[in-house]
Amino acid sequence: MKKIQGLLILLLSYIVAFALGFLVTYLLISKLSLNLLLSIFIGNVVATIIIWFVGILFHTASTYDPYWSLQTLFISLVLLIYTNNWKNPGNILFLVFLSFWAIRLTYNFIRSFNDITYIDWRYRMLKEKTGKFFQLVNLLGICMVPTIIVYLASVPMFLYIIQNRQFEPLNIIGLGIMLLGTILELVADNNMAKFKKIRKDNSEIINVGLWKYSRHPNYLGEILFWYGVAFVFIISPSFALRDWYAIVGTILNTLLFIFISIPMAENHMKNYKSGFAEYKKKTRMLLPIKK
């Protein structure tokens, strides 16, 4: 019952957040004639603040967890409606592959979600370290940084839809990379779910499936997905050097995983996973290839 109640609260919160974000975006475009991408970004920030505030109400930072897997899908749908570019097969295929990624990620969150008061271990650690400044860290670090990076990584897709670029056969390569990344994440999720059912305790290290060869196959899938998004855009014949900024988010996303997310996770695991040092020595960080 707590799980259902919590999910309903999150659903309502996200509906309100996206609605207000859309309203802000619309007003910025229609009343102030602001740039479309900038208007969307500001609306996205407003929606993020709403979700952050909901977290404060329920004394948790985990209300944000599904946000970054839903923001690109919502914005892309709105853009398709706004531009009326539904007839472009490239736009539709882009949306289909994006939906597959978003549904997988959101489902994985729902599967592990227990109730609205759940707090991820990373947030607990940050709360202990930052004390009374935690809510500021929560807003800027936990919520806003992922929102900004995922938004920037999504810019190639947004521009593809806005410019209504002609679908090219080479776009299939980018879509294939998106699909490969999502499948890697899906397989890694299932490997982890099965392992959790048979492990004796939390100190055991997963050493099955993709995790036998890669310490972070889920992160590899996420990185690949966004390079696929970028590739669909830059492979287009109409891509120009002036569009270089479109791939900045993809690079930042990679750097975030390699220099922040992965080190944070591994520093945490070495404290309670027996034999983690040996596992790290024998297993690659990302590529699922025998070392």
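Accessible areas here come from the Shrake-Rupley method with a 1.4 Å probe, and for residues only the protein chains shown count as cover. On that basis the protein chain exposes about 15,100 Å², with carbon and sulfur atoms supplying 70% of it. This is a predicted model, so local features need pLDDT of at least 70 and side-chain atom pairs count only at pLDDT 80 or more, while totals for chains, interfaces and linings use all residues. Residues are numbered from 1 along each chain as its sequence is written, and side-chain values use heavy atoms, with hydrogens and water left out.

The overall build is easy to sum up: the protein chain has 10 helices and 0 strands. Helices (H or I, at least four residues) and strands (E, at least two) are DSSP runs, numbered from the N terminus. The radius of gyration of the protein chain is 20 Å, close to the 19 Å that the globule rule gives for 291 residues, so the chain is as compact as a globular protein of that length. That radius is taken over C-alpha atoms, and the globule rule is 2.2 Å times the number of residues to the power 0.38. Taken along the principal axes, the box filled by the C-alpha atoms of the protein chain is roughly 55 × 45 × 35 Å.

Next comes the packing. Of the 291 residues in the protein chain, 45% are buried; buried means under 20% relative accessible area, exposed means over 50%, and partly exposed is in between (1.4 Å probe, protein chains only). Contact means heavy atoms within 4.5 Å. Take the contacts in the protein chain between residues at least 6 apart in sequence: 79% of them join residues at least 24 apart.

As for charge, the protein chain carries 28 positive and 13 negative side chains, and the centres of the two sets lie 2 Å apart. Lys and Arg count as positive and Asp and Glu as negative, while His and the chain ends are not counted. The place of a charge is taken as NZ of Lys, CZ of Arg, CG of Asp or CD of Glu.

Aromatic rings turn up in pairs too. Rings of Phe, Tyr and Trp (its six-membered ring) pair if their centres lie within 6.5 Å; planes under 30 degrees apart count as stacked, over 60 as edge-to-face and the rest as tilted. A search of the whole structure finds 16 aromatic pairs. In one of them, the rings of W244 and Y245 have their centres 6.5 Å apart and their planes at 85 degrees, so this pair is edge-to-face. W244 is exposed, at 57% relative accessible area, and Y245 is partly exposed, at 35%. Elsewhere, Y14, F18, Y64, Y67 and F74 form one aromatic cluster.

Now for H216 and T283. H216 sits in the loop between α7 (171-198) and α8 (217-234), and T283 lies in the segment after α10 (276-282). Both residues are buried: H216 has a relative accessible area of 4% and T283 has one of 3%. They are 67 residues apart in sequence, but 9.8 Å apart in space, C-alpha to C-alpha. Setting aside neighbours within four places in sequence, H216 is in contact with W211, I262, A265, E266, M269, M285 and L286. With that exclusion applied to T283 as well, its contacts are W211, K212, Y213, S214, R215 and K291. W211 thus appears in both lists. 

Helix α4 offers two more residues to look at. L95 is found in this helix and is buried, with a relative accessible area of 9%. Not counting residues up to four places away in sequence, L95 touches L73, S76, L77, L80, W86 and M157. The C-alpha atoms of L95 and V45 are separated by 22 Å, with their places 50 residues apart along the chain. Y107 also lies in helix α4, but is partly exposed, with a relative accessible area of 48%. Its C-alpha atom is separated by 9.2 Å from that of P66, and the two residues are 41 apart along the chain.

Finally, two loop residues have a backbone quirk. Phi of S33 is near 55 degrees, a positive value in a residue other than glycine. S33 is found in the loop between α1 (2-32) and α2 (36-57) and is exposed, with a relative accessible area of 62%. N84 likewise has a positive phi near 55 degrees without being glycine. N84 belongs to the loop between α3 (67-83) and α4 (89-112), and is exposed at 58% relative accessible area.
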